[in-house]
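Here are a few short exercises to help you find your way around. Have a look first, then work through the steps.

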Amino acid sequence: MRGLPPAARGLVLSAVLAALACTAPALTDPATPWPAVTLLALLCLGCELVKLCPLPGSRAGEGIGPFLPVVLAAVFLLPPAAAALVALPGGLAAAVVQRPATVRRVWHGAQQAIGAWAAGQVFRLLEGPAALGAGPSAGTGHPAWPADFPYAMLPATAAAAVFCLVVTVLDGGILAAAERRSAAATARHGLVAGSLAPHCVHGLVGLMMAVMWRSPYGVPAALLVLLPMYVSCWVFAQYQRERAAHQSTIRALVQAVDIKDRYTRGHSERVGQASTMIARQLGMAEDRLEVVRIAGILHDVGKLGVPTRLLRKDGPLTPQERRIIELHPEYGHEMVRGIGFLGEARSAILHHHERVDGTGYPYGLTGEQIPVLARVVAVADAFDAMTSTRSYSRARPVPTALAELERCAGAQFDPAMVRALTDAIGRHGWHPVVTSDDDLQVISATAGGPGPGAAPGSSPGSSPGSGSASGSGSGPGRGVPAGRRAGAGPSGAEGPFPPVRGGR
């Protein structure tokens with residue numbers, strides 16, 4: 001407690017006193033059902049310990065134990081004070097990574113107890129116990145059966161929502177007090193809307209457990225409800241681990257490209273962002289949007305196979321050097337071919353420099369022969385190349401870049417993809433991802449002003465040696481006329497050429 005700010009110490013102390021007030025009636029009431037309280041409390045403790053000592057192949061604290069459904073089942077089965085008492089052991093045994101561990105555990109236990117007590121009050125206010133069939137049936141020793149469905153779902157869902165709200169508010173309060181976070185930051189951390197749905201699902205599982213507990217089948221049937229919940233939580237934890245591993249793989253590849261080609265740092269993330277905007281505007285399914293995003297992020301991974309001196313060369317490239325750089329889509333495809341989760345993204349990596357008129361590379365595909373995702377990424381790639389400031393080209397305003405894409409639609413780009421990007425930016429604007437100080441230059445392009453380092457007197461759309469939209473020049477993508485120049489290979493590496501000088 002000594003290391004905490006006074007406001008945080010006061011909040012922790014207030015929460016502990018409130019938890020004691022919530023649980024005290026259960027300790028003094030002779031009607032408290034101690035066998036049920038003890039069993040549920042031990043079950044909560046066991047579920048939390050399962051998180052600390054997980055199954056083989058999982059890690060501590062991954063949340064594979066069904067702790068919350070047991071707490072909510074106690075809310076539905078017991079008086080509020082007894083439910084608060086049930087929540088304490090699991091809260092006190094919660095996994096803690098940061099110090100002070102004891103204070104964090106005490107806080108978590110108090111938080112759970114207060115949430116359970118508040119949820120129990122709401123459940124009884126909405127006559128939840130009567131909906132569960134609480135109390136013996138006339139002339140029998142068995143509880144009333146069946147429960148009043150679907151009405152029983154209303155108080156159960158309301159109780160779960162109140163539990164979520166109380167825990168989230170307390171979390172936000174301690175973050176604001178201990179770490180002096182702003183109200184907006186604590187609200188983002190709380191994510192009430194995002195955590196409400198899982199709490200309601202757990203509430204329905206807890207309701208099922210309570211119904212079985214009250215049924216003639218008794219406690220053994222109620223405990224069996226936890227088995228599928230446990231299995232589903234474990235499977236979800238494995239999925240989360242696999243997804244995290246995928247994201248780490250992608251992030252490592254992108255960072256490797258950014259380190260090698262410092263002039264395009266942040267480019268990959270922005271191409272992924274623009275590709276997602278195009279795909280969403282086209283009405284692609286949600287599961288495919290993630291594939292599109294990954295394709296945009298990894299489209300230049302093949303640059304890892306290109307000599308660094310060529311990527312960082314400021315002067316014009318020779319025809320031989322250009323041909324080497326134009327191998328990067330094939331290098332990229334070869335690098336990711338064995339990564340199974342990339343799926344359709346691999347074809348976008350290979351073909352994102354194809355042109356609809358057949359003059360692109362590596363295979364000179366035309367029109368519909370080019371995979372859909374490759375056509376999406378090609379437009380997103382060119383757009384970011386035009387609106388980003390590089391060492392050899394200046395950022396252009398978004399309207400100028402969109403106009404240039406439209407000019408090249410039908411020859412270099414799929415017109416449908418260009419329209420989709422134009423419509424998406426018209427509807428939502430372009431708010432590029434900024435991953436480093438260098439990428440702040442993109443903001444000036446979005447605003448339509450000249451980027452940092454612009455030559456005095458130059459206009460937003462100009463760059464040394466590029467000339468007009470049909471101008472000529474030399475070097476990688478610097479005013480190379482559309483189509484193939486003698487001894488120069490296909491038109492520029494990234495974006496519409498002539499005007500775009502996009503990152504080789």
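Helices here are DSSP runs of at least four residues, numbered from the N terminus. Keep in mind that this is a predicted model.

**Exercise 1.** Find which helix gives the largest share of the lining of the second largest pocket.

*Solution.* Start with the space itself: the second largest pocket holds about 200 Å³. It has 11 lining residues, and those closest to its centre are Gln247, Ile250, Glu269, Arg293 and Ile297. Next, look for the helices: H11 (226-260), H12 (267-281) and H13 (286-297) each bring at least two residues to the lining. The largest share, five residues, belongs to H11. As for character, the lining splits into four nonpolar, four polar and three charged residues.

**Exercise 2.** Work out whether Val418 is buried or exposed.

*Solution.* First place Val418: you'll find it in helix H20, residues 415-428. Its relative accessible area is 2%, and buried means under 20%. So Val418 counts as buried. Now check who touches it: leaving out residues up to four places away in sequence, Val418 meets Val379, Leu405, Glu406, Ala409 and Phe413. Take Glu406: it sits 12 residues from Val418 in sequence, yet their C-alpha atoms are 6.4 Å apart.

**Exercise 3.** Track down what is unusual about the backbone at Glu127 and at the bond between Tyr361 and Pro362.

*Solution.* Begin with the usual case: most residues other than glycine have a negative phi, and most peptide bonds are trans. Glu127, not a glycine, has a positive phi of about 60°. Glu127 lies in the loop between H5 (101-125) and H6 (128-131), and it is exposed at 54% relative accessible area. Then turn to Tyr361 and Pro362, joined by a cis peptide bond with omega about 15°. Pro362 belongs to the loop between H17 (345-351) and H18 (372-387).

Terms used. Residues numbered from 1 in each chain as written. Predicted model: local features only at pLDDT ≥ 70, side-chain atom pairs only at ≥ 80, totals over all residues. Heavy atoms only, no water. 1 Å grid on protein atoms, 1.4 Å probe; cavity = no way out; pocket = protein on both sides within 12 Å on 5 of 7 lines; lining within 4 Å. Points joined across faces, edges and corners; volume = space filled by probe spheres on them. Nonpolar A, V, L, I, M, F, W, Y, C, P; charged D, E, K, R; others polar. Buried < 20%, exposed > 50% of the residue type's maximum accessible area, 1.4 Å probe, protein only. Contact = heavy atoms within 4.5 Å.
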